[in-house]
Amino acid sequence: MAKSKVEKAPQLKFPDDLQIIVPYLDKYDATDVEGRYLHWSQLKWRVPKAEAEAIWKTVKFKRMSQYKSIALTGEDGRPFVYCTPHSMEALLYQLVKMAGGNVGAIADSSASDSLQNMFLVSSLIMEEAITSAQLEGAATTREVAKRMLEEEREPVDEDERMILNNYLLLKYAEQNKDEPLTLDVMLEFHRIATAGTTENNVVPGEFRQDNDIYIGDGDGNIAHQPPDFQQLHERLQRLCDFANQQHTGLQGCDFIHPVIKAIMLHFMLGYEHPFRDGNGRTARALFYWFMLKSDYTLFKYVSISKLLREKPKDYGLSFMYTENDANDLTYFIYFQLDIILKAFEELKLYLNKKADEFREITEVLEKTSFGQQLNFVQKDLIKKAVKEPGRVFSAKEIANAYTISANTARSYLAKLAQLKLFLSTKDGKTMLYIAPSDLLAKLNRNKR
């Protein structure tokens, strides 16, 4: 199989190239006028052909003057480097404004934080688990997958198993956010991600024992050949040390923005590719782990996998550009920042949509005799029941979805049955509640 063809950039040589770049120093910077961090293969088509090489070397000079290296190296022994041009600082500023606040700061809706948090708890944690599995090839529909997670039923096939694993993986990342990263934690991430799956003869919780693994570029070529498996233990220990090291900029230590550091961890796990399968899921879990560790709590509600799934080629190119251009991580950082910001925009749209849906059903309920008798969860259940006539609810599902006790969930459902808004039946010893097909008509008939 051929090596993927990303054209090698012209090399800047000192002092030979100094006279070549001097005429361009005032005209060009690390990014173009639109703030884009272009690779040579992108830049050369946007400038006069005769001057392309000189302009590239000028841009490279500007970047090199801003480079910061990190304590991690490529297989070639050179350190990974990055820079933070003005456009990146602007992206980080936008992101911190959204991700550092509460839920209400994201949505335009006037709905309260508590109401929006309920939407998040009931739906969004599951979204990343589902889309992460779909990114890896799982074919289960979102509706079926979500119902499985809500009802806590056992997966019926490997695709569903992958989705459940991802859900448990994100939960594990959150539960262990205050713990240091160790090889054992990394292996546990992987064990959870791949338990019960057989893709590529994966062994859950074990590093690969050979070098017959490569990352494809989507066109049948090799985009990246990971380092020798015999170096994995040492290289991954350095990655753990980097993750655990303080980069606050205080007391003499270096500063790395937490979002950038989380992106670096994501990249490095993919670069090392220590497992036969499940590297992507483990890398994304590591990203979430560090974001939650850095107190960006809203990240557990944001799905980056959905957007990565929509841009597989751009993801691969950002990876190849980094490796192709002297281990410059800036390409990958820009790509991921763009993905994260779009994910927050989708979260904002989702919250507003859910708030509008809830408001609509609340307005209907307030005109009936039921309005004053129902709490938030019961009103939200009626909203779901109106949208899905015939849907079956259980106390276990409701307890999981709204983070309440099973007894509380049972009492909420029993009240809805008592008011004849839900139908009740038994499956063995389990009480089930069904959304009647005429629920909306019943509410409208009950208007005062």
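A residue is called buried when its relative accessible area is under 20%, exposed when that area is over 50%, and partly exposed in between. By this rule Asp 32, at 22% relative accessibility, counts as partly exposed. The model under discussion is predicted, and every value below was computed from it.

Asp 32 is a convenient point of entry to the charged contacts. Its side chain meets that of Arg 36 in a salt bridge, with a distance of 2.8 Å from N to O. Arg 36 has a relative accessible area of 31% and is therefore partly exposed as well. This contact is one of 24 salt bridges found by a search of the whole structure.

Another of these contacts joins Asp 76 to Arg 78, where the closest N and O atoms are 3.0 Å apart. With a relative accessible area of 45%, Asp 76 is partly exposed; Arg 78, with 39%, is likewise partly exposed. A further salt bridge is formed by Asp 338 and Lys 311, whose closest N and O atoms are 3.6 Å apart. That pair links distant parts of the chain, since Asp 338 belongs to helix α14 while Lys 311 lies in the loop between α12 (305–310) and α13 (312–324), 27 residues apart. Asp 338 has a relative accessible area of 28%, so it falls in the partly exposed class, and Lys 311, with 27%, is also partly exposed. Salt bridges can also join into a network, as they do for Asp 17, Glu 53 and Lys 57.

Charged groups also meet aromatic rings. The charged end of Arg 63 sits over the ring of Tyr 37, 3.6 Å from the ring centre. In a second contact of this kind, Lys 261 places its charged end over the ring of Phe 242, 5.3 Å from the centre.

The rings also pair with one another, and a search of the whole structure finds 23 aromatic pairs. One of them is formed by Tyr 296 and Phe 299, with 6.1 Å from centre to centre and 85° between the planes, an edge-to-face arrangement. Tyr 296 has a relative accessibility of 10% and therefore counts as buried; Phe 299, at 0%, is buried too. The rings of Phe 358 and Phe 376 have their centres 4.9 Å apart and their planes at 35°, so this pair is tilted. Because Phe 358 lies in helix α14 (residues 330–366) and Phe 376 in helix α15 (residues 376–387), the pair ties together parts that are 18 residues apart in sequence. Both Phe 358 and Phe 376 are buried. Helix α14 thus appears twice in this account, through Phe 358 in the tilted pair and through Asp 338 in the salt bridge with Lys 311.

Elsewhere, ring pairs extend into a cluster that links Phe 80, Phe 267, Tyr 271, Tyr 315, Phe 319, Phe 332 and Phe 335.

The surface completes the picture. Phe 14, Leu 18 and Val 22 make a nonpolar surface patch of about 270 Å². Leu 18 is found in helix α1, which comprises residues 18–21. Its relative accessibility of 40% lies between the two cut-offs stated at the outset, so Leu 18 counts as partly exposed.

Key:
Residues numbered from 1 in each chain as written. Predicted model: local features only at pLDDT ≥ 70, side-chain atom pairs only at ≥ 80, totals over all residues. Heavy atoms only, no water. Patch = residues over 30% accessible without salt bridge, like charges linked within 9 Å, V, L, I, M, F, W, Y side chains within 5 Å. Areas by Shrake-Rupley, 256 points an atom, 1.4 Å probe, with all protein chains shown as cover. Salt bridge = Lys/Arg side-chain N within 4 Å of Asp/Glu carboxyl O. Helix = DSSP H or I, 4+ residues; strand = E, 2+ residues; numbered from the N terminus. Buried < 20%, exposed > 50% of the residue type's maximum accessible area, 1.4 Å probe, protein only. Phe/Tyr/Trp six-rings, centres within 6.5 Å; stacked < 30°, edge-to-face > 60°. Lys NZ or Arg CZ within 6 Å of the ring centre and 35° of its normal.
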